[in-house]
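Open the viewer and keep the sequence panel in sight. This tour goes stop by stop: select, look, move on.

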Amino acid sequence: MSLLRPVGIVGTGSYLPPRILTNDLEKMVDTSDEWIRTRTGIRERRVAAEHMAASDLAVPAAERALAMAGIRAEEVDLIVVATATPDAFFPSTACVVQERLGAVGGAAFDILAGCTGFLYALGVASQMIATGAHNVGLVIGTEVLSKITNWEDRSTCVLFGDGAGAAVLAPVEPGYGILGVHLGADGTGASLLHIPAGGSKMPATEDTVKNKLHTIHMLGSEVFKFAVRIMGEASLRALERAGLTKEEIDYFIPHQANIRIIEAACKRLNLPQEKVYINLDRYGNMSSASVPVALDEAYREGKIRKGHNLVLVAFGAGLTWGAAVVRWNLEAPPEAGV
Ligand code: ACO
């Protein structure tokens with residue numbers, strides 16, 4: 001008999017700041033709507049208000065996920081926040097969120113794995129619940145990338161957006177839930193996507209601020225090549241762990257970085273368009289928030305049904321990658337109208 005109990009997602013939620021920034025970025029940098037749409041698939045993105053931090057986006061997303069699950073905040077005994085844009089170095093954003101939700105007492109910590117953060121958080125939290133060490137987990141991906149974007153760098157500023165997504169994890173009936181997780185990293189690619197200053201290696205000085213070294217620096221074409229290869233590969237590894245084949249995928253929720261990267265992954269997995277959720281046209285790349293926001297929207301729209309085999313997959317700074325296979329354990333919500 002296995003010592004581990006099945007764990008699944010029992011509620012999802014998301015929050016997108018209301019301000020929309022369209023591709024009308026020509027006034028800021030030398031670019032065009034046409035270039036952005038054809039090279040990335042992005043039409044617009046959300047930008048948080050000046051005063052908003054990662055926790056301000058995370059809290060409403062978490063509240064929506066808890067409401068769907070019918071679980072009170074006091075019942076949550078584990079909070080894992082994936083973010084590359086924490087409120088501060090410390091305390092963790094998870095602790096800030098815990099206090100604001102009124103869920104004090106359980107474990108709370110952040111995970112940094114770039115855009116793969118949500119998959120890492122899901123993998124870690126689900127195993128902490130599967131062992132019986134914790135009972136109800138809240139896994140959140142939240143990003144305010146607009147605050148670490150160099151708005152004068154056309155090669156990055158057109159790509160990113162702000163948002164947050166959350167999932168509530170708990171034990172579920174046998175045969176359902178998270179069936180397989182695959183996580184990986186290749187630190188030799190660290191310099192391809194990084195923020196040079198602001199940490200202990202290069203603390204903030206007037207010069208680092210002047211030279212915008214606290215913003216995202218990326219070698220886009222190299223990250224692109226890596227992403228095209230790894231999305232399909234990571235999905236296949238997670239499927240293998242789950243004992244499933246690519247033919248058994250019912251719905252695919254990829255990290256939303258670039259439509260061409262998603263198309264390459266779908267080709268590798270033989271997936272038709274109707275099995276793939278895409279919202280990057282509306283939100284751009286929200287790093288660790290992309291996958292949970294897409295999952296929440298797909299579920300609320302009725303695209304995901306009980307018994308469906310889902311693949312969630314992401315890649316990001318590190319370089320990192322991760323995929324999870326989930327057999328969905330919830331009936332469609334009333335708002336899906338199915
Ligand atoms: N508008 C107009 N031209 C541009 C823009 C822009 N916004 N950005 C770059 N260009 C130019 C370049 O300067 C280059 O011009 P040149 O040929 O005269 O030198 C040309 O367009 C082609 O540039 P490439 O970088 O080769 O373009 P590519 O087709 O690779 O697309 C992109 C660039 C969209 C960034 C792509 O490489 C990509 O999506 N990479 C992956 C990015 C990604 O997913 N990052 C994940 C972040 S994850 C995390 O953890 C935060």
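Which residue in strand 6 does isoleucine 79 stand opposite? Select isoleucine 79 and look across: leucine 138 is the residue opposite, in strand 6. Keep in mind throughout that this is a predicted model.

**Stop 1: strand 6 and its partners**

Select residues 137–143, which form strand 6. Seven of its seven residues are buried. Now colour by side-chain direction. Gly137, Val139, Gly141 and Glu143 point one way, and Leu138, Ile140 and Thr142 point the other way. Both sets are buried.

Add residues 78–82, strand 4. Strand 4 and strand 6 run parallel, joined by five bridges.

Next add residues 163–171, strand 7. Here the pairing with strand 6 is antiparallel, with seven bridges. Two pairs are worth labelling. Threonine 142 has alanine 164 of strand 7 as its bridge partner. Glutamate 143 stands opposite glycine 163 in strand 7.

**Stop 2: strand 7 and strand 1**

Stay on strand 7. Eight of its nine residues are buried, so strand 7 is largely enclosed by the rest of the structure.

Select residues 7–15, strand 1. Eight bridges join strand 1 to strand 7, and the two run antiparallel. Label glycine 8 and look for alanine 170 in strand 7, which stands opposite.

**Stop 3: helix 4**

Select residues 117–130. This is helix 4, with 14 residues. From first C-alpha to last, helix 4 reaches 20 Å, close to the 20 Å expected at 1.5 Å a residue.

How many of the 14 residues of helix 4 are buried? Eleven are, so helix 4 is largely enclosed by the rest of the structure. Buried residues at the start of the selection include Gly117, Phe118, Leu119, Tyr120, Ala121, Leu122 and Gly123. Further along, the buried residues include Ala125, Ser126, Ile129 and Ala130.

Step past the end of helix 4 to glycine 132. Its phi is positive, near 95 degrees.

**Stop 4: the ligand**

Select the ligand and show its surroundings. There are 24 residues around the ligand, and the closest are Thr31, Arg39, Cys115, Arg154 and Asn258. By class, the shell holds eleven nonpolar, nine polar and four charged residues.

Now show three polar atom pairs:

- Tryptophan 35: a polar side-chain atom lies 3.4 Å from a nitrogen atom of the ligand.
- Glycine 220: a polar backbone atom is 3.0 Å from a nitrogen atom of the ligand.
- Alanine 317: a backbone N or O atom lies 2.9 Å from an oxygen atom of the ligand.

On its own, the ligand has 1,000 Å² of accessible area, and the protein covers 72% of that.

Which elements give two or more residues to the shell? They are helix 1 (33–40), helix 5 (154–157), helix 7 (220–242) and strand 12 (309–316). Helix 7 gives the most, with four residues.

**Stop 5: tryptophan 151**

Move to the loop between strand 6 and helix 5, where tryptophan 151 is found. Is tryptophan 151 buried or partly exposed? Its relative accessibility is 24%, so tryptophan 151 counts as partly exposed; the buried class stops under 20%. For a distance check, draw a line to proline 292. The two C-alpha atoms are separated by 26 Å, and the residues are 141 apart along the chain.

**Stop 6: backbone outliers**

Most residues other than glycine have a negative phi, and most peptide bonds are trans. The next selections depart from that pattern.

Start with the cis bonds. The peptide bond from phenylalanine 90 to proline 91 is cis, with omega near 5 degrees. Proline 91 sits in the loop between strand 4 and helix 3 (93–101). A cis peptide bond also joins glycine 318 and leucine 319, with omega about -10 degrees. Leucine 319 lies in the loop between strand 12 and strand 13 (320–327).

Then take the positive phi values. Lysine 212 has phi near 55 degrees. Find lysine 212 in the loop between helix 6 (206–210) and strand 10 (217–218). With 30% relative accessibility, lysine 212 counts as partly exposed.

Finish at serine 287, whose phi is about 50 degrees. Serine 287 lies in the loop between helix 9 (280–283) and helix 10 (290–300). At 5% relative accessibility, serine 287 counts as buried.

Notes
Residues numbered from 1 in each chain as written. Predicted model: local features only at pLDDT ≥ 70, side-chain atom pairs only at ≥ 80, totals over all residues. Heavy atoms only, no water. Expected span 1.5 Å × (residues − 1). Buried < 20%, exposed > 50% of the residue type's maximum accessible area, 1.4 Å probe, protein only. Pairing = 2+ DSSP bridges. Near = heavy atom within 4 Å. Polar contact = N/O pair within 3.5 Å; in protein donor to acceptor, adjacent residues only side chain to side chain. Areas by Shrake-Rupley, 256 points an atom, 1.4 Å probe, with all protein chains shown as cover. Nonpolar A, V, L, I, M, F, W, Y, C, P; charged D, E, K, R; others polar.
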